[in-house]
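Hi,

Here is the structure I promised to pass on to you. Have a look at it first, and then read on for what turned up when I went through it.

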Amino acid sequence: QVQLVESGGGLVQPGRSLRLSCVASGSTSSIYTMGWYRQAPGHQRELVAGLDLSGRAGGPNYAASVKRRFTIARDAAKSTLYLQMNSLKPEETDVYYCKAGVIQGLLADYWGQGTQVTVSS
């Protein structure tokens with residue numbers, strides 16, 4: 001089992017920055033991939049940024065709409081995943097979720113509870 005807790009969401013003005021954090025606990029050694037997703041009401045959850053912890057997939061991958069503005073990073077010592085979001089836009093108002101893919105015999109995904117990001121003046 002893996003538990004994920006996101007934090008760092010809030011209200012921010014357009015063009016400003018915000019950093020989200022996701023702390024993992026439990027069987028963290030079984031995590032092989034982590035990522036940030038977002039979902040607006042009535043829409044599907046979409047990938048924002050992903051990170052392969054095995055190193056086989058190369059560097060991080062980003063949604064086209066956030067490239068050069070968002071940065072995903074991981075502090076392994078703190079079991080924490082970050083998402084630095086710069087130049088935020090009103091249309092990026094969503095609930096942001098952290099996901100961990102784990103291998104425990106079978107593949108499984110774990111999700112955090114989500115953190116609300118509101119971009120508004």
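**What I found**

Let's start with a pair of strands: strand 1 and strand 3 (residues 18-26) run antiparallel and are joined by six bridges. Within that pairing, L4 sits opposite A24 of strand 3. Before going further, please keep in mind that this is a predicted model.

**The open sheet**

Strands 1 and 3 belong to a wider arrangement. Four strands make up an open sheet, paired antiparallel in the order 1-3-8-7. Its edges are strand 1 (2-7) and strand 7, each of which has a pairing on one side only. From one strand to the next, the twist averages 15 degrees.

At the other end of that order, strand 7 and strand 8 are also antiparallel, with six bridges joining them. Here F70 stands across from M85 in strand 8. The two strands form a hairpin with four residues between them, and in it S79 has a positive phi near 50 degrees. That caught my eye, as S79 is a residue other than glycine. To find S79, go to the loop between strand 7 and strand 8 (80-85). How exposed is S79? Its relative accessible area is 22%, so it counts as partly exposed.

**The other pairings**

Now for strands 4, 5 and 6. Strand 4 (residues 31-39) and strand 5 (residues 46-52) run antiparallel and share six bridges. One pair to look for is R38 with its bridge partner E46 in strand 5. These two strands form a hairpin as well, with six residues between them. In the turn of that hairpin, G42 has a positive phi of about 80 degrees.

Strand 5 also pairs with strand 6: two bridges join them, and the strands run antiparallel. In this case the bridge partner of G50 is N61 in strand 6.

**The disulfide**

How many disulfides are there? The count comes to one. This disulfide links C22 and C98, with an S to S distance of 2.2 Å. The link of C22 and C98 is left-handed, with -75 degrees about the S-S bond. Why is the pair worth a look on the sequence, too? C22 is in strand 3 while C98 is in strand 9 (residues 94-104), so the link ties together parts that lie 76 residues apart in sequence. Are these two cysteines, C22 and C98, buried or exposed? Both C22 and C98 are buried.

**Two loop residues to click on**

R68 is another residue with a positive phi, about 70 degrees, although it is not a glycine. You will find R68 in the loop between strand 6 (61-62) and strand 7 (70-75). With a relative accessible area of 82%, R68 is exposed.

The other is K89, which is placed in the loop between strand 8 and strand 9. K89 has a relative accessible area of 33% and is therefore partly exposed. What does K89 touch, leaving aside its neighbours within four places in sequence? Its contacts are R69 and V119. You can also check K89 against S17: their C-alpha atoms are separated by 9.9 Å, and the two residues are 72 apart along the chain.

**The whole protein**

Stepping back, the protein has eleven strands and zero helices. Read along the sequence, that gives the pattern β-β-β-β-β-β-β-β-β-β-β.

How does the radius of gyration fit with a compact globule? For 121 residues, such a globule would have a value near 14 Å; the protein has 14 Å, so the two agree. The C-alpha trace spans about 45 × 25 × 25 Å along its principal axes.

Of the 121 residues, 38% count as buried. The exposed surface of the protein comes to about 6,500 Å², and carbon and sulfur atoms supply 50% of that area. As for contacts, take those with a separation of 6 or more: residues 24 or more positions apart account for 53% of them.

If you open the model with just a few things in mind, I would pick the sheet with strand order 1-3-8-7, the disulfide between C22 and C98, and S79 in the hairpin of strand 7 and strand 8.

Cheers

Terms used: Residues are numbered from 1 along each chain as its sequence is written. This is a predicted model: local features need pLDDT of at least 70, side-chain atom pairs count only at pLDDT 80 or more; totals for chains, interfaces and linings use all residues. Side-chain values use heavy atoms; hydrogens and water are left out. Buried means under 20% relative accessible area, exposed over 50%, partly exposed in between (1.4 Å probe, protein chains only). Two strands pair if DSSP finds at least two bridges between them. Axes are lines fitted to C-alpha atoms, for helices over the stretch in contact, and angles run from 0 to 180 degrees between N-to-C directions. The radius of gyration is taken over C-alpha atoms; the globule rule is 2.2 Å times the number of residues to the power 0.38. Contact means heavy atoms within 4.5 Å. Accessible areas come from the Shrake-Rupley method with a 1.4 Å probe; for residues, only the protein chains shown count as cover. A disulfide is a pair of cysteine sulfur atoms within 2.5 Å.
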